[in-house]
Amino acid sequence: MSYAAVVVGSAFVPSLPLYPNATPNPNGSLPSPNNTSNTGGVGCGGAEDPTQNTMKPTVAASSGFKWRLVIAYDGTRYSGWQYQQSPPTIQCIVEKALTQATKLERKDLLLVGASRTDKGVHALGQVAHFVTPFNYDSLESIHAALNGLLPSDIRVQEISPAMPEFHARFSAKRKIYHYKIYNDTIMDPFQHRYAYHSAYKLNAAVMREAASYFIGKHDFSAFVNASHNDRVRDPVKNIFRFDVIEMGALLQLEVEGSGFLYRQVRNMVALLLQIGKEAIPPDIVPMILASRDRKELAKYALSAPPHGLCLVTVNYNEEHLGLPSSCPKTSFGRHHTISKCKLPFY
């Protein structure tokens, strides 16, 4: 089985509309099925914006055109991805921009993210999808509009059409996370928001040995924190690789898996940190895995801080990234050009 990666800079293939027989209006929009009038955009709190009074169609969950986003963000100021009104989350801010750009309401957009990154966690390749009742001739304008509305620490890297079967979260087959550790006596001030500082000298070789025990299919019950906003999930996950890479003072832990439980990566990293300090041996990993008990891990390590963690890539099956005959091209953003020099040449 081959996989197609959704990453910053990759070429997405567009999709079929969820309105296969609909005829767009000259402006590219479709009339509402029930011809319902709604008022304008929705902010993070879900309240209507009284300054807007635009006629908009209503989108049903099974109708409309589906669009895929690749989003990069610095998670420092936000309470994770998952929507909540206060304090703000990434999903909340992106939805606010989408409601302004599309003139649709939050309940119509049906925005879903691939990964519910936690408070303070960053992303280079978060994937999300949303729906509209209308098609676009080109995605460059909506792409530019979204980035113009978003704060500078959140960027839409790509936007493309998506197949009706595509689901940002449930269609995902693999995810790659990186965790950065700055291992020196004095922290690099340019790394402090994106890497955990360990003043203890870490033994990368024993960390690498310990990480190898995570590879394969295991029950990760001992490495999951309880989450009040998630359903009971299968604790068995498949880890394809877990690399410990030395880059000078920086240690980069790269883990690729079929999926991850709540705080699983940070809990695995926390144990590797203790092993790297040579406080416990590498072969403690299979023992804790076999226990399937979070309390067993707590005897040795707490969760690693969130700011060192970054969601890098989400991969999907190629069949979910098919290419229909009529759809706009993927937008990677557009370059601004100057057609004529406005300054005198000396």
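Phe214 and Phe223 are both buried in this predicted model. Their rings form an aromatic pair, sitting edge-to-face with 5.3 Å from centre to centre and 85 degrees between the planes. Phe223 has another partner too: Phe220, which is also buried. Here the ring centres are 6.3 Å apart and the planes meet at 70 degrees, and since anything over 60 degrees counts as edge-to-face, that's why this pair gets the edge-to-face label.

Step back from these phenylalanines and you'll find nine aromatic pairs in total. Elsewhere, ring pairs tie Phe65, Trp67, Phe134 and Tyr136 together into a cluster.

Some rings also have charged company. Arg174 places its charged end over the ring of Phe240, 3.8 Å from the ring's centre. Arg68 does something along those lines with Phe166, lying over the ring face at 4.2 Å from the centre.

Now for a lysine. Look along strand E9, which runs over residues 236-247, and you'll come to Lys237. What is the nearest side chain of opposite charge to Lys237? It's Asp234, but that one is 5.9 Å away, and Lys237 is buried without any salt bridge. Lys237 does have contacts further off in the sequence, among them Phe220, His218, Phe260 and Gln264. So Phe220 turns up twice on this tour: it touches Lys237, and its ring pairs with Phe223.

Last stop: strand E11, residues 309-317, where you'll find Thr313. Is Thr313 buried or exposed? It counts as buried, because its relative accessibility is 9%. Along the chain, Thr313 and Ile176 are 137 residues apart, yet their C-alpha atoms are separated by 5.2 Å.

Conventions: Residues are numbered from 1 along each chain as its sequence is written. This is a predicted model: local features need pLDDT of at least 70, side-chain atom pairs count only at pLDDT 80 or more; totals for chains, interfaces and linings use all residues. Side-chain values use heavy atoms; hydrogens and water are left out. Helices (H or I, at least four residues) and strands (E, at least two) are DSSP runs, numbered from the N terminus. Buried means under 20% relative accessible area, exposed over 50%, partly exposed in between (1.4 Å probe, protein chains only). Lys and Arg count as positive and Asp and Glu as negative; His and the chain ends are not counted. A salt bridge is a side-chain nitrogen of Lys or Arg within 4 Å of a carboxyl oxygen of Asp or Glu. Contact means heavy atoms within 4.5 Å. Rings of Phe, Tyr and Trp (its six-membered ring) pair if their centres lie within 6.5 Å; planes under 30 degrees apart count as stacked, over 60 as edge-to-face and the rest as tilted. A charge sits over a ring if NZ of Lys or CZ of Arg is within 6 Å of the ring centre and within 35 degrees of the ring normal.
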